[in-house]
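Welcome! Please look over the sequence and the 3D view below, then work through the exercises at your own pace.

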Amino acid sequence: MRQAIGTRPAADLSVEFVDASSYVECLTLIDTYEIDLVVLDGEATPTGGIGIARQLRDELDDCPPIAVAIARAADRWLAAYAQVDATLAHPLDPVTTGATVAGLLRDRASAR
């Protein structure tokens, strides 16, 4: 995902990544840092990104935008149920991924 997003998804934006390799690490990062965008892997196991996205939406008052990478177009309905802001299709296209991330970050910045 890092390679598809890059450190500059748009000319006016730069990003800093923090990584989580487990469900607990993900929630710890969300609780510890001011996160502007969450990008989750919908295919991760044992806890997938769609489940984490739904939990974040249910539990956080000021939930950051969430993008979920999915392998099957049929999983878009699950992503919609989880109330994600965007879905990204595997394999990740850097142009589409960068544009999606940039749009979500700009939306977040303008809402503040």
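Contact here means heavy atoms within 4.5 Å. The model is predicted, so local features need pLDDT of at least 70 and side-chain atom pairs count only at pLDDT 80 or more, while totals for chains, interfaces and linings use all residues. Residues are numbered from 1 along each chain as its sequence is written, and side-chain values use heavy atoms, with hydrogens and water left out.

**Exercise 1. Find the surroundings of alanine 10.**

Step 1: Place the residue. Alanine 10 sits in the loop between helix 1 (2-5) and helix 2. Helices (H or I, at least four residues) and strands (E, at least two) are DSSP runs, numbered from the N terminus.

Step 2: List its contacts. Not counting residues up to four places away in sequence, alanine 10 touches Ala102 and Arg106.

Step 3: Check a distance. The C-alpha atoms of alanine 10 and glycine 103 are separated by 9.3 Å, although these residues are 93 residues apart along the chain.

Step 4: Is alanine 10 buried or exposed? Its relative accessible area is 16%, so alanine 10 is buried. Buried means under 20% relative accessible area, exposed over 50%, and partly exposed in between (1.4 Å probe, protein chains only).

**Exercise 2. Describe the sheet.**

Step 1: Work out the order. Three strands make an open sheet, ordered 1-2-3, with parallel pairing. Two strands pair if DSSP finds at least two bridges between them.

Step 2: Look for the edges. Strand 1 (38-41) and strand 3 (86-89) are the edge strands, each pairing on one side only.

Step 3: Follow one pairing. Strand 2 (residues 66-70) runs parallel to strand 3, and four bridges link the two. Isoleucine 70 has alanine 89 in strand 3 as its bridge partner.

**Exercise 3. Explore the nonpolar cores.**

Step 1: Fix the term. A nonpolar core is a set of buried Ala, Val, Leu, Ile, Met, Phe, Trp, Tyr and Cys residues joined through side-chain atoms within 4.5 Å.

Step 2: How many residues does the largest nonpolar core have? There are 17, and those with the most contacts inside it include Val38, Leu40 and Val84.

Step 3: See which elements contribute. Helix 2 (23-32), strand 1, helix 3 (49-59) and strand 2 each give this core at least two residues. Helix 3 provides the largest share, four residues.

Step 4: Add the other core. A second, separate core of 14 residues includes Ala4, Ala10, Leu13 and Leu92.

Step 5: Return to valine 84. Apart from neighbours within four places in sequence, valine 84 is in contact with Ala53, Arg57, Ile66, Val68 and Ala79.

**Exercise 4. Explain the disulfide count.**

Step 1: Count. The structure holds zero disulfides, a disulfide being a pair of cysteine sulfur atoms within 2.5 Å.

Step 2: Why is cysteine 26 without a bond? The closest cysteine sulfur, in cysteine 63, is 10 Å from the sulfur of cysteine 26, which is too far for a bond.

Step 3: Compare accessibility. Cysteine 26 is buried at a relative accessible area of 9%, and cysteine 63 counts as buried at 13%.

**Exercise 5. Inspect the backbone.**

Step 1: Find the cis peptide bonds. One runs from threonine 45 to proline 46, with omega near 5°; proline 46 lies in the loop between strand 1 and helix 3. Another joins histidine 90 and proline 91, where omega is about -10°.

Step 2: Turn to glutamine 83. Its phi is near 65°, a positive value in a residue other than glycine. Glutamine 83 belongs to the loop between helix 4 (76-81) and strand 3, and at 41% relative accessibility glutamine 83 counts as partly exposed.
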